[in-house]
Amino acid sequence: MKRAEADLTPLDAADQDLVDGVLARRTRQLAKTITLVESSRVDHQRRAQRVLERLLPHTGNSIRVGISGVPGVGKSTFIETLGLHLIARGHRVAVLAVDPSSSVSGGSILGDKTRMERLSQNPGAFIRPSPTGGSLGGVAEKTREAMLVCEAAGFDVVIVETVGVGQSETAVAGMVDVFALLLLPNAGDELQAIKKGIMEIADVLVINKSDIDPHAAALARSHLRSALGMLRRASPNWQVPVVAVSSLKEERIADFWREIERYRVTMSASGEFAAKRRQQAVAWMWTLIDTGLRSRFREHPRVRGELDELRRAVEHGTTTPAAAAHRLLGYL
Ligand SMILES: Nc1nc2c(ncn2[C@@H]2O[C@H](COP(=O)(O)OP(=O)(O)OP(=O)(O)O)[C@@H](O)[C@H]2O)c(=O)[nH]1
Ligand SMILES: [Mg+2]
């Protein structure tokens, strides 16, 4: 197969400095590389892809964990407690975010970075707010690439946080190895989760704030376990566990991590861990092809020239949608 010519030419000094800095685990270059990756400028994108290509052989050596849950469930508190727990055990922890609202609000997780104060000040941690601007698809795509950059910088745990609304969970589940859903210990919450279908993409369920009412948490745990028993399992080798924790009191966070480790060991033994990553990579390629085709279509001069007129013709019934689509697609 013919390799793209750009691959063969050496990087310019600035980009080589980014590659070297990331591999040497320097935070400054790590942050700069992610900024380059997040840029929507065409020349930046081209540079970013070439930098990523150099980093790619050094990626893949982390466990990628997705964390989701409704606003206020305690995601930030949980991630801070978990992050500090893992760093104390010799891990290096990167926290990224996919926030569908950030394109509007300018990044609510930015406020979180100050809230996760202890973790963000720890040299074993790297916290990056959600990229702003663009569609959820665009934001998710950039987070996926940021994740690779973090892996190349030696982070062996990458946590991707998303708020539990809309489609962002599906996007995050599609880029992580294991997806955990945080719930509150009150009745009805579990039913809500089932209704939303989100429990079907969760690999681990976490009842947070169990310190408030340990009895309610135990009850919620048994409800959830029986509810899970009625769902179809995503894998015959994995029964979704339910862990009750307190992020605030730092209780049973170790139990949660044991489940993550058990997931990795079990799914690696069955081959599903690697298979999931392969499927995710191919699905990502198709996503990029879809978005690439769309933008090429919209930018095509003849399409731009005729789109409005044909749209009006379709509105007025003077041409059929199929004929209009056929004609426009023919220009590509
Ligand atoms: N009692 C108790 N409170 C907790 C626990 N975890 C979080 N909280 C509190 O719940 C509130 C919300 O916690 P956050 O960590 O900010 O929740 P979040 O899910 O990140 O919220 P958003 O960023 O708005 O989506 C804070 O006041 C926390 O102190 C817990 O385990 N027990
Ligand atoms: Mg938060």
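A residue counts as buried when its relative accessible area is under 20%. By that criterion, 46% of the 332 residues of the protein chain are buried. The model is predicted.

**Whole chain**

Start with the cartoon of the whole protein chain, whose secondary structure comprises 15 helices and seven strands. If contacts are drawn between residues at least 6 apart in sequence, 75% of them join residues at least 24 apart.

**Stop 1: α1 and α2**

Select residues 13–23, helix α1, together with residues 27–38, helix α2. The two axes come within 8 Å and cross at roughly 125°, so α1 and α2 are oblique to each other. Their crossing is left-handed. To see what fills the contact, show side chains for D17, L18, G21 and V22 on α1, and for Q29, L30, K32, T33 and L36 on α2. By class, the residues of this contact are four nonpolar, three polar and two charged.

**Stop 2: R128**

Next select R128, in the loop that runs from β3 (125–127) to α8 (136–152). Is R128 buried or exposed? R128 has a relative accessible area of 15%, and because the limit for burial is 20%, R128 is buried. Its side chain and that of E38 are joined by a polar contact of 3.2 Å. Now display the surroundings of R128, leaving out neighbours within four places in sequence: the contacts are A31, I34, T35, E38, V95, L96 and A97.

**Stop 3: H91**

Move to H91, placed in the loop between α4 (75–88) and β2 (93–98). H91 counts as buried, with a relative accessibility of 19%. Which side chain makes a polar contact with the side chain of H91? The partner is D156, at 2.7 Å. Add V157 to the selection: the C-alpha atoms of H91 and V157 are separated by 6.9 Å, although their positions lie 66 residues apart along the chain when counted from one to the other. Apart from residues up to four places away in sequence, H91 touches L86, G124, D156, V157 and W257.

**Stop 4: the loop before α12**

Go to the loop between β7 (242–244) and α12 (253–270), and select E250. Phi of E250 is near 60°, a positive value in a residue other than glycine. Most residues other than glycine have a negative phi. E250 counts as partly exposed, at 47% relative accessibility.

R252 is found in the loop between β7 and α12 as well. R252 is not a glycine, yet its phi is positive, at about 60°. Its relative accessibility is 39%, so R252 counts as partly exposed.

**Stop 5: α12 and α13**

Finish with α12 and helix α13, the latter being residues 272–299. What is the angle at which α12 and α13 pack? The angle is about 85°, with the axes 5 Å apart. That makes α12 roughly perpendicular to α13, because angles of 65 to 115 degrees fall in that category. Show the side chains of Y263, R264, M267, S268 and S270, which are the contributions of α12 to the contact. From α13, add E272, F273 and K276. Coloured by class, the contact of α12 with α13 has three nonpolar, two polar and three charged residues.

How values were computed: Residues numbered from 1 in each chain as written. Chains lettered and ligands numbered in written order. Predicted model: local features only at pLDDT ≥ 70, side-chain atom pairs only at ≥ 80, totals over all residues. Heavy atoms only, no water. Axes fitted to C-alpha atoms, helices over the stretch in contact; angles between N-to-C directions. Helix = DSSP H or I, 4+ residues; strand = E, 2+ residues; numbered from the N terminus. Parallel < 35°, antiparallel > 145°, perpendicular 65-115°, else oblique. Left-handed = near helix turned anticlockwise from the far one by under 90°. Contact = heavy atoms within 4.5 Å. Nonpolar A, V, L, I, M, F, W, Y, C, P; charged D, E, K, R; others polar. Buried < 20%, exposed > 50% of the residue type's maximum accessible area, 1.4 Å probe, protein only. Polar contact = N/O pair within 3.5 Å; in protein donor to acceptor, adjacent residues only side chain to side chain.
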